[in-house]
Amino acid sequence: RGEQGRDPLTALWQQLSTGAPVEGLDVRLALDLSQQRAAAEALGDKAGAVVIMQARSGALLALASSPSFDPNVLDEDWPTLVTRTDAPLLNRATQARYQPGLTLAPFVAAWAGKLALVDPQTTFDNLTRPVNIDGHQLECAGAVETGSNPTLGAALRAGCPSPIVDLGLILGGPALKEMISAFGFDETPPIRLESPLSTSG
C-alpha cells in the first residue's frame with residue numbers, strides 16, 4: 001500500500017492535500033525476461049507450469065502457466081474462458097496441485113538406504129521400464145549412461161522412475177509415511193510475510 005519506507009507525516013499530508021493514494025516505493029522483481037520467455041515457449045500449447053528459482057536465494061526467475069489468456073481482452077473473452085475444459089484461468093504455477101513424482105526419489109532412496117535395504121550400487125532389473133500412473137506413462141527424464149550398470153545411482157542420475165516405484169513397494173505405506181514425517185514434508189512451512197490481519201497477543 002505504499003506505507004512502508006515513507007515518512008508518516010509526508011504520507012499523511014499527501015493523502016489530506018491531494019486525496020490520492022500514498023505513492024509506493026519501487027518494486028524490484030527477480031523475474032528474468034529471457035528465462036520467462038523460454039519457459040513460456042517450452043510449454044507451448046501443453047497444459048502445465050514452469051517455475052525456475054535461484055537455489056541459494058529462493059528468488060523466482062520465471063513463473064509460467066499454460067494455457068493462459070490475454071488480460072487485455074478479459075471482458076470479451078470471459079464467457080469462453082470460464083467454459084473451457086483446459087481451465088486457462090487457473091494459474092498452474094501457483095494454484096495447481098501435482099503429484100510429486102521423482103521429486104521424492106532421492107528421499108525414498110535415502111530412506112531405503114537408512115534401513116539398509118539398498119545402497120547406490122544396488123542393481124535393478126528393467127531400469128528404464130516405463131511406469132504408468134493414471135493413464136500417464138513416465139519414463140527416464142534423461143539418458144542412462146552408456147555401458148553403466150543398472151544401479152540405483154544410475155537410476156537417480158537419469159531420473160528413472162521404475163526403481164523408485166520398486167523401492168516404494170518394498171518400503172510400504174508405514175515406512176513412506178515415516179519418511180515423509182522425518183523430512184518434514186507433512187508440516188506447513190511458516191509464512192514469513194507480515195499480514196495486516198495478524199494480531200499480536
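## Exercises on a predicted model

**Exercise 1.** Locate Leu 31 in this predicted model, and decide whether Leu 31 counts as buried, partly exposed or exposed.

*Solution.* Leu 31 sits in the loop that lies between helix H1 (8-18) and helix H2 (33-43). Its relative accessibility is 43%, and since buried means under 20% and exposed means over 50%, Leu 31 therefore counts as partly exposed.

**Exercise 2.** Identify the nonpolar surface patch to which Leu 31 belongs, and state which strands contribute to it.

*Solution.* Together with Leu 31, the patch is formed by Val 27, Leu 29, Val 51, Met 53, Leu 60 and Leu 63, with about 640 Å² of accessible area together. Turning to the strands, both strand S1 (48-53) and strand S2 (60-66) supply at least two residues of this patch.

**Exercise 3.** Describe the largest nonpolar core, and then the surroundings of Val 108.

*Solution.* The largest nonpolar core has 13 residues, of which Val 108, Val 118, Leu 152, Leu 167 and Leu 171 touch the most other members. At least two residues of this core come from each of helix H4 (105-114) and helix H6 (161-182). With neighbours within four places in sequence left aside, Val 108 is in contact with Ile 164, Leu 167, Gly 168, Leu 171, Leu 176 and Met 179. Another core, of five residues, lies apart from the largest one and includes Leu 127, Ala 155, Ala 158 and Cys 160.

**Exercise 4.** Summarise the chain as a whole, in terms of its elements and its burial.

*Solution.* The chain has six helices and four strands, which run α-α-β-β-α-α-β-β-α-α from the N terminus on. Of its 201 residues, 20% are buried, while the exposed area comes to about 15000 Å², with 55% of it supplied by carbon and sulfur atoms.

Methods:
Residues numbered from 1 in each chain as written. Predicted model: local features only at pLDDT ≥ 70, side-chain atom pairs only at ≥ 80, totals over all residues. Heavy atoms only, no water. Core = buried A, V, L, I, M, F, W, Y, C linked by side-chain atoms within 4.5 Å. Buried < 20%, exposed > 50% of the residue type's maximum accessible area, 1.4 Å probe, protein only. Contact = heavy atoms within 4.5 Å. Areas by Shrake-Rupley, 256 points an atom, 1.4 Å probe, with all protein chains shown as cover. Patch = residues over 30% accessible without salt bridge, like charges linked within 9 Å, V, L, I, M, F, W, Y side chains within 5 Å. Salt bridge = Lys/Arg side-chain N within 4 Å of Asp/Glu carboxyl O.
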